[in-house]
Amino acid sequence: MKFLMNVGVVGCGYVGLSTTVAIADKNEVYLFDIDKNKIKLLNENHIPFAEMDLERDYNKYKTNILIEKKRERFIKNCDIFVLAISTDLDSKIGALNTIGIESWIREISIQKAPDSFLIVIRSTIPIGFTDRMISNYNCNKIVYWPEFLREGNAYYDIKNPTRVVIGGTRKNTSILINLLYGEEQRNIPIHYVTSKEAEAIKLFSNSYLAMRVAFFNELDAFAEKNNMDVRHIIEGVCDDSRIGQFYNNPSFGYGGYCLPKDTRQLATILGSEGVLINAVVSSNEKRKKDIAQRIIKLGNRIGVYRLQMKKNSDNIRGAAIVDVIKELTSSGVHVNVYEPILNKEPELLSGVFLCNNLRELADDSDIIISNRMYDELIPYSNKVYTRDIFFRD
């Protein structure tokens, strides 16, 4: 089989691995990651996170996926580089840490001949970052392809996108888009925009979703305080087709990898002009503190069932319930936690008591709190406190 091009993906998290496997359907892909544990799992035919369809297709197309251990050889072998490196928020400055992305761009531009390669950034980046990299490294072939992938459904979303946004020209990206979507791209809205516009689309899209979460959480808080049925209010509001029945289920606050950092980054960019976005960030922080204060009034020994950001995800980092727990423990509340996957991120919580199963959690707790309702909790429903009205994410 003759492959169309030498593609390399840097990073095997949700975005990078989903992109890798989607390309590997029709083309050979080089994969690089510095995380030895992730590479070990991949070599053992397992992916580093929970996503059934992705693991199935990883094993189906793994002969087309070449895991490269040497950075220099990886750069030498590839002509198209897809950078899917984590850009965590630096809380001190309220901006994304792009050092890792820039390091790769610098090294590729040094090792490869000018105009002999294409760099495709998939990581979340500040507005103006791509143009700055083009200027700093005198390379016109850097484009931004933002991802709009849901945790737990990232592979499905890349295979079935609602839209594709490309910050760059058709000339630079047409080969990659053709490889991923082929004839199907005729049915996919593809937005060819400038890199700045693509960066803005990414940050404003996630900030809008965060705004909806914050809006319905404030609605929920008002209804709970005034002894009203929040479900009735939400359904009445959302039956307006202009509003719609989506992203309207109350929670302990928005969390995860994307919404918190993207809203904070956008708030930093907008500064004092970003009145609404800054208010969304403040609303979410207030929600978590208010939820903690509400819980404190319900019992002295609090049980916490699961820490996942959302169902079908193994992501704990960034979960709103983790911040709620920190509020509880700082107030001197006894907190029990049942979370089977906590051993993956043991440093996230301190001052809590870990339970081996749900029965142990229920027996030693006055109340059980859960960001989302699970079938396993139904027998203990008289003890459960959740704001999950619709039993979905």
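Visitor: What makes the contact between glutamate 285 and lysine 288 a salt bridge?

Guide: In this predicted model, the side chains of glutamate 285 and lysine 288 meet at 3.2 Å, N to O. A salt bridge requires a side-chain nitrogen of Lys or Arg within 4 Å of a carboxyl oxygen of Asp or Glu, and therefore the pair qualifies. Both residues lie in helix H12 (residues 275-296), three residues apart, about one turn of the helix.

Visitor: Why is lysine 288 called buried?

Guide: Lysine 288 has a relative accessibility of 6%. Buried means under 20%, so lysine 288 is placed in that class. Its partner glutamate 285, with a relative accessible area of 29%, is partly exposed, because that value falls between 20% and 50%.

Visitor: Why is aspartate 25 said to tie together parts of the chain through lysine 159?

Guide: Aspartate 25 lies in the loop between H1 and strand S2 (29-32), whereas lysine 159 belongs to helix H7, so their salt bridge ties together parts that are 134 residues apart in sequence. The closest N and O atoms of this pair are 3.6 Å apart. Aspartate 25, at 26% relative accessible area, is partly exposed, and lysine 159 is partly exposed at 28%.

Visitor: Which class, buried or exposed, does aspartate 157 of helix H7 fall into, and on what value?

Guide: The relative accessible area of aspartate 157 is 10%. The limit for buried is under 20%, and therefore aspartate 157 is buried. Leaving aside neighbours within four places in sequence, aspartate 157 is in contact with Phe148, Leu149 and Arg150.

Visitor: How do you know that aspartate 393 and arginine 372 form a salt bridge, and where do they lie?

Guide: The closest N and O atoms of aspartate 393 and arginine 372 are 3.6 Å apart; the cut-off is 4 Å, so the pair counts as a salt bridge. Aspartate 393 is in the segment after strand S15 (384-385), and arginine 372 is in the loop between strand S14 (367-369) and S15, 21 residues apart. Arginine 372 is buried at 7%, while aspartate 393 is partly exposed at 38%.

Visitor: What makes phenylalanine 246 eligible for a nonpolar surface patch?

Guide: Phenylalanine 246 has 38% relative accessibility. Patch residues need over 30%, so phenylalanine 246 passes that limit. Together with Tyr208 and Tyr247, Phe246 makes a nonpolar surface patch of about 300 Å². Phenylalanine 246 lies in the loop between helix H10 (230-238) and helix H11 (259-270).

How values were computed:
Residues numbered from 1 in each chain as written. Predicted model: local features only at pLDDT ≥ 70, side-chain atom pairs only at ≥ 80, totals over all residues. Heavy atoms only, no water. Buried < 20%, exposed > 50% of the residue type's maximum accessible area, 1.4 Å probe, protein only. Contact = heavy atoms within 4.5 Å. Patch = residues over 30% accessible without salt bridge, like charges linked within 9 Å, V, L, I, M, F, W, Y side chains within 5 Å. Areas by Shrake-Rupley, 256 points an atom, 1.4 Å probe, with all protein chains shown as cover. Helix = DSSP H or I, 4+ residues; strand = E, 2+ residues; numbered from the N terminus.
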